[in-house]
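User: I am new to this structure. Please take me through some of the labels it carries and the reasons behind them.

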Amino acid sequence: MAYKRQIDRLPIPPKDAKVHNVTCHYCIVGCGYKAYTWDRNKQGTPTENAFGIDLSKQQGADGTWMAPSMYNVVKQDGKDVHLAVMPDHDCVVNSGLGSIRGARMAENRPSTVTGTQQQRLRDPMMWRYGVLQPTSWDDALDLVAQVTARVVTEGSEDDLVVSMFDHGGSAGGYENTWGTGKLYFESMKVKNCRIHNRPAYNSEVHSTRDMGVGELNYQYKDYELTDTIMIVGANPLETQTNLFLNHMVPGMRNGAKVIFVEPRRTVSVNAAEVAAGKDNVLHLQINAGTDMALFNALLTEIVAKGWVDKDFIANSTFQDGIAQAQDAGHPAALGSIEEAMKSCTMSLSEAAGICGVDAADIAKAAAWIAEPKDGARRKCVTAYEKGIIWGNDNYRTIGALVNIALATGNVGREGGGVCRLGGHQEGYYRPSDAHVGRPATYVDQLLINGGGKVHHVWACDHYKTTLNASQFKRIHKKRSDMVKEAMDAAAGGTREDLVNAIVGAVNKGGLFVVDVDIINSQIGQNAHVVLAACESNEMNLTSMNGERRLRLSEKYMDPFGNSKPDCLIAAGIAQNMERVLKAMGKADYAAQFQGYDWSTEEDAFMDGYNKGNPEVTYDRLRQMGNNGVQEPVVGFENGKLVGVERLYSNGEFGTGDKKARFCAAGWRGWQAEGKAEEQAKYKYWINNGRANIFWQNQFLDQDNDFIQDRFPFPFIEMNPADMADIGAGPGDLVEIHNANGATQAMVYPTPTARRGETLMVFGSPAGSQGNVINPGVNELVLPDYKHTWADIRKISDAPATVKAISFKSKEYKSV
Amino acid sequence: MSRCSNLVDVGRRHFLRGGSVAVAGLATAVLPVGGAKAAPANAQINYPSNRLANVSDLTVNEPMDIEYPDADSPGALIKLGQAIEGGAGPDGDIVAFSTLCPHKGWQLAYDSKDSTFNCPGHFSRFDVEAGGQQVWGHATQNLPQYTLRVDDNGDIYAEGASDLIFGRPSNVL
Ligand code: SF4
Ligand code: FES
């Protein structure tokens with residue numbers, strides 16, 4: 001039977017409870033919440049309470065209600081206090097809506113009283129006597145610095161490989177990207193680095209940036225003001241939940257039409273049909289990887305019909321042929337629309353053949369996007385995400401989509417915008433990364449091929465979130481085991497003996513791994529030193545959401561145990577590097593590690609973000625509350641920070657001459673190596689996606705009973721006829737296998753899935769889809785995670801934990 | 001099921017009736033509010049034992065509107081037609097749930113075709129055959145399920161709830 005909380009009463013926050021601004025850190029949307037904390041021995045009453053409402057009465061729909069998941073007991077200034085974290089009705093992002101993730105922020109806090117999240121790290125740890133042992137910060141940081149300093153001075157900084165977050169929200173944020181960025185890009189110039197979800201240090205959206213169009217250019221309100229919403233390779237009801245519910249749905253109810261470009265019928269498509277009416281939703285269910293052909297046909301049709309915005313093109317886009325030729329760093333040429341059309345022109349019928357959709361539907365989509373409405377220009381807002389970011393031919397495909405927005409003048413205007421939807425919030429502030437180069441190093445391959453000697457890992461778990469993961473894991477483990485064996489052999493010796501042993505092992509092909517994380521991650525099993533980090537609200541953290549809304553999410557509790565903010569851990573590494581290098585007699589190099597005398601995260605913020613944005617301080621952000629300010633911040637007037645609602649509203653774009661460029665996005669079929677062969681060889685397309693319930697915080701939810709009860713295993717959605725072919729019933733465990741590796745999942749019958757097309761949840765701790773993804777990337781080392789083919793076999797009947805769960809359709813039905 | 005055919009309006013209207021009317025209809029066990037010499041509170045709340053219906057009143061797969069623990073808390077009593085874990089009654093197939101969505105409190109509608117409650121608020125779904133498990137949705141708990149007792153006459157009583165009901169800090173107000 002389903003998990004029951006067996007809670008029938010909760011404490012009431014008193015009137016004088018402390019109130020803190022919170023921006024939910026579980027996704028890009030960044031919903032506003034209020035955290036209430038109050039003394040353990042105090043409580044409010046039904047009539048006198050922090051919410052200012054009469055709690056002796058049943059609250060109506062949409063009213064204020066503290067669900068059990070919104071409550072916990074945590075440490076604040078060393079004392080146990082009550083905590084309630086509730087969605088904020090006054091925040092324009094979510095207007096009081098919570099989600100299945102954000103509304104569990106409180107219960108996903110570590111608590112020694114209620115026993116939640118006991119997987120969180122309390123102390124730094126070091127590999128000693130065959131296991132990871134807790135130790136002091138001084139001890140752990142000293143070993144990190146001793147080994148790192150020896151390796152980069154005896155070899156070079158290229159021997160240090162760094163995996164680090166580049167985002168905001170949980171982990172990351174302006175404080176922490178600055179702390180790590182200053183360490184690796186200023187004190188050092190590390191070029192062999194990668195980001196948490198891809199095997200290189202690169203942008204996921206190079207082409208739109210090269211075209212002068214930053215990928216977060218609108219405001220969420222544009223969905224409410226538009227004529228057409230076009231959603232490409234995204235499932236926003238699940239992964240940008242309150243953006244969908246609080247902005248897209250109102251837009252649909254205002255009469256907006258909706259176009260989905262997506263091979264799979266998602267719950268977003270279903271919900272849009274309910275909100276907008278079936279006739280107003282067009283689902284272009286294209287063949288895998290064919291988005292670019294569709295976009296090119298749409299552009300061709302829009303140009304042919306004369307539906308382009310001529311003035312916008314003349315005034316705001318590049319006019320004279322080629323502005324940027326195709327080269328090693330640019331997988332397509334950029335320039336004028338005429339230049340682009342030489343490569344992009346594609347007939348409706350040709351695209352229909354490639355994409356597997358009706359030519360008439362493509363024509364209809366073109367009309368919905370661009371045909372003038374009541375004599376006026378039609379407004380269209382375009383949103384895209386991993387379907388094309390982690391898809392076929394990333395650079396050109398995103399370029400082809402942005403072409404449509406530029407041709408129709410739908411950037412920088414009300415009801416327009418062409419934006420990625422995003423995953424985490426943003427929060428990037430680092431010294432220049434120019435030394436990394438473009439294309440950047442394919443770091444996974446470097447490690448697999450024996451490159452690198454020291455690996456610093458910051459809040460990344462490549463065991464779950466990289467491609468070609470089977471091979472990566474095997475080799476990463478083997479190399480780190482060499483160091484573990486050397487450390488075991490050096491037990492009982494001095495620190496110098498230990499460092500010598502480690503350096504000896506890495507010189508023979510071993511890898512010394514330092515893992516900075518909030519939990520014992522899977523890649524952390526290979527670590528020799530683990531540094532315990534904390535996350536937002538255990539520290540103050542600034543980030544911006546998918547409409548560039550910058551907020552300060554306030555600290556309301558202590559970091560768990562002896563864990564620390566990442567920026568202060570980075571500072572600790574720097575200070576130890578300086579000390580060790582000095583002792584090694586390298587005074588000049590040591591001096592590069594000065595400037596980290598931060599005692600709080602605010603010091604890191606002032607050292608980094610504030611230097612570039614002097615108007616912005618913690619105090620001012622606190623004043624701006626949960627509505628914050630939309631970046632870029634352009635001033636401070638009447639006690640308020642002044643931001644910008646939309647980028648490029650003056651028609652000037654982010655290029656040297658302020659003119660946007662079109663992308664010569666010529667269709668070339670499968671771009672990444674090995675994809676066509678794999679498709680031909682295996683029976684099933686193993687698409688991957690995310691689920692509302694745990695989206696990108698599965699690593700926390702592996703310790704959450706409510707979530708584990710629903711999905712004890714990662715699911716794979718399969719058509720029932722495909723299930724019959726392999727003899728699998730609902731909940732049976734299957735193995736997904738191909739030449740890259742194998743992984744496991746639980747079958748979820750999905751009648752709307754097309755035959756031969758499956759979807760496995762990505763990033764699960766209990767079955768990594770990355771195991772079966774081949775190493776193919778684009779020219780700029782962007783992975784094509786989405787295109788994987790494999791065979792599937794049954795390995796077990798539904799295990800006991802699975803037997804009681806629901807396998808009914810996820811689609812809402814209006815009754 | 002009349003309540004389910006026009007959900008939003010009915011849901012809202014239901015609450016406009018307000019708490020004060022409902023409190024008068026409360027059966028037993030209202031916790032004392034204030035009161036200088038109130039007895040020490042129990043470690044857990046006392047639920048009323050309310051008669052909901054008789055087994056003979058129920059038709060398979062047709063939910064009956066109920067109100068529990070008080071008149072302001074709408075729910076449904078359903079005979080599923082086949083025995084189910086946690087099911088009550090002679091056939092072990094009777095279950096009862098709160099029908100306020102534990103996301104934002106909209107009134108749920110029953111889809112008899114697949115025995116699910118569906119929320120017109122934000123598309124959440126709950127499976128009546130799996131203990132009220134949220135099939136998909138935004139709520140951070142499963143649907144509160146009521147503890148049922150069936151006496152020798154076939155009278156069905158609700159006597160407790162598995163989870164906190166939307167819109168209240170305590171299941172018994
Ligand atoms: S939609 Fe995203 S930001 Fe909003 S509450 Fe849910 S997880 Fe948090
Ligand atoms: S109120 Fe039911 S899904 Fe939101």
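User: What makes A:R622 and A:D619 about one helical turn apart?

Analyst: This is a predicted model. In it, A:R622 and A:D619 both sit in helix α21 (residues 618-624) of chain A. They are 3 residues apart there, so about one helical turn separates them.

User: Why is the contact of A:R622 and A:D619 called a salt bridge?

Analyst: The N to O distance between their side chains is 3.0 Å. The cut-off is 4 Å, between a side-chain nitrogen of Lys or Arg and a carboxyl oxygen of Asp or Glu. The pair of A:R622 and A:D619 therefore meets the rule.

User: Which of the words buried, partly exposed or exposed fits A:D619, and which fits A:R622?

Analyst: A:D619 has 52% relative accessibility. Exposed means over 50%, so A:D619 counts as exposed. A:R622 has a relative accessible area of 32%. That value falls between 20% and 50%, so A:R622 is partly exposed.

User: How do you know that A:D607 and A:K182 tie together parts of chain A that are apart in sequence?

Analyst: Their side chains meet in a salt bridge, at 2.8 Å from N to O. A:D607 lies in helix α19 (residues 601-607) and A:K182 in helix α2, so the pair ties together parts 425 residues apart in sequence.

User: Are A:D607 and A:K182 buried or exposed, and why?

Analyst: Buried means under 20%. A:D607 has 16% relative accessibility, so A:D607 counts as buried. A:K182 has a relative accessible area of 6%, so A:K182 is buried too.

User: What does the salt bridge of A:K191 and A:D158 tie together?

Analyst: The N to O distance of this pair is 3.6 Å. A:K191 lies in the loop between α2 (173-187) and β8 (193-194) of chain A, and A:D158 in the loop between α1 (137-154) and β7 (160-164), so the pair ties together parts 33 residues apart in sequence.

User: Why is A:S336 called buried?

Analyst: Its relative accessibility is 2%, and the cut-off is under 20%, so A:S336 counts as buried. A:S336 lies in the loop between β13 (334-335) and α9 (337-344) of chain A. Among the residues A:S336 touches are A:F318, A:D320 and A:F662.

User: What makes B:E129 and A:K808 a salt bridge?

Analyst: Their closest N and O atoms are 2.5 Å apart. The cut-off is 4 Å, so the pair of B:E129 and A:K808 qualifies. Across the interface of chain B and chain A, the rule finds 2 salt bridges.

Notes. Residues numbered from 1 in each chain as written. Chains lettered and ligands numbered in written order. Predicted model: local features only at pLDDT ≥ 70, side-chain atom pairs only at ≥ 80, totals over all residues. Heavy atoms only, no water. Helix = DSSP H or I, 4+ residues; strand = E, 2+ residues; numbered from the N terminus. Buried < 20%, exposed > 50% of the residue type's maximum accessible area, 1.4 Å probe, protein only. Contact = heavy atoms within 4.5 Å. Lists of a residue's contacts leave out its neighbours within four places in sequence.
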